[in-house]
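Student: Please take me through one part of this protein in close detail. I would like to look at the nonpolar core.

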Amino acid sequence: MHDEEKTMINRFREFVVQHQLFTPSDNILVAVSGGIDSMVLWRLFEEAGYPYAVVHCNFQLRGDDSDRDEALVREQACRMGIQIYVRRFDTLEYAGSSGISIEMAARELRYQWFEEIRSAKNFSYLATAHQLDDLLETFFINLVRKTGIRGLSGFREKSGKLVRPLLFAYRKEIETWAKENNIDFRQDRTNDETIFQRNFIRHQIIPQLEKLNPAFRANLASTIANLRETEDFYQTEIDRQIRKISNPDSDNPEIFISQLMKLAH
C-alpha cells in the first residue's frame, strides 16, 4: 500500500467520523457510475473495510459508452464478489413524457430508484461520489440561476439518508490517487465539452478566477463553509420566531397576525 494511499484512506475515515456520516456497522449502498470519482469512492470503501454494496444506473444516453460503463462496474463487482444492483432507464422517454430536461430526468430516475433499493434492502445510507469541485461548481450554477443563502451553501456532507464521503477531496487529488493506485475508470467524453453549464464553469470560469488568485478554490470552499454556518444560525432564529408567532403543533394550527406584523422582516 502506497503512502499516498494510506493518506487518502485515513482522510476518508477521518471525514466519515468528523461529520458522523455513518458507523462501521452501517451497511452502505454506494452509487457507482464507472467514472473516476465513483470508482475511487468504491476503492476507499473497500480499503477502509466498511460494509457496502454497489448500485449502478444505465441511462442509455451515450450509446455503447453507457453499456461499457455498466460492463466495467459489473465486471469489477463480480471479480471482487460484491453485491451489485443495476437498472437501465429509457431516460429520453421519461424526460419527454414528464416535460423536463434530460439532466433532470436522469436525476429523478436515479434518486428514486436508489431510495427504493436502499429502503427495500435495508441499507443504512446511500453514498454518492460528490467531491469538492462539484460543490464549487454548484455554487456558480445556483448563483447564475438566482438563489439565496441556502443555494450558495450548496449540498451537505449528509442529508437524511444520503451521504457524500468524498467531499474532502478535490478533483486533481482524486485523479492523482487513481493513477498511482491503478484504478480502472471510464472517461465521460462530455466532461471535456463546454456546451454544458457545469462543464463551462469547470473549464472556463474557475480557471480564469484562479489566474486572479491561485488559492481561489480553497478560498471559495471556506466561503461556502462560512455561508453554511450563517444558514444554520439564521434557520435557528427563524424557527424560534415561528414558535413565537404561531402554534403549528396544535390540532388547529394558527398564525398570530398581530405578532407577525411586529417582526422587522
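Tutor: Here is the core, followed by its setting in the whole chain. The model is predicted, so to speak of local features requires pLDDT of at least 70, side-chain atom pairs count only at pLDDT 80 or more, and totals for chains, interfaces and linings use all residues. Residues are numbered from 1 along each chain as its sequence is written, and side-chain values use heavy atoms, with hydrogens and water left out.

The largest nonpolar core holds 52 residues. Such a core is a set of buried Ala, Val, Leu, Ile, Met, Phe, Trp, Tyr and Cys residues joined through side-chain atoms within 4.5 Å. Buried means under 20% relative accessible area, with a 1.4 Å probe and protein chains only. F12, F22, L44 and F45 have the most contacts inside this core. Helix 2, residues 36-48, gives the largest share, 8 residues. Helices are DSSP runs of H or I, at least four residues, numbered from the N terminus.

Now take L44. Leaving aside residues up to four places away in sequence, L44 touches M8, I9, F12, L166, F168 and W177. A contact here means heavy atoms within 4.5 Å.

A second, separate core has 19 residues, including V55, F89, A95 and L109.

Now the setting. Of the 265 residues in the protein, 41% are buried. Among contacts between residues at least 6 apart in sequence, 71% join residues at least 24 apart. The C-alpha atoms fill a box of roughly 65 × 50 × 40 Å along the principal axes.

Note on methods
Buried means under 20% relative accessible area, exposed over 50%, partly exposed in between (1.4 Å probe, protein chains only). Helices (H or I, at least four residues) and strands (E, at least two) are DSSP runs, numbered from the N terminus.
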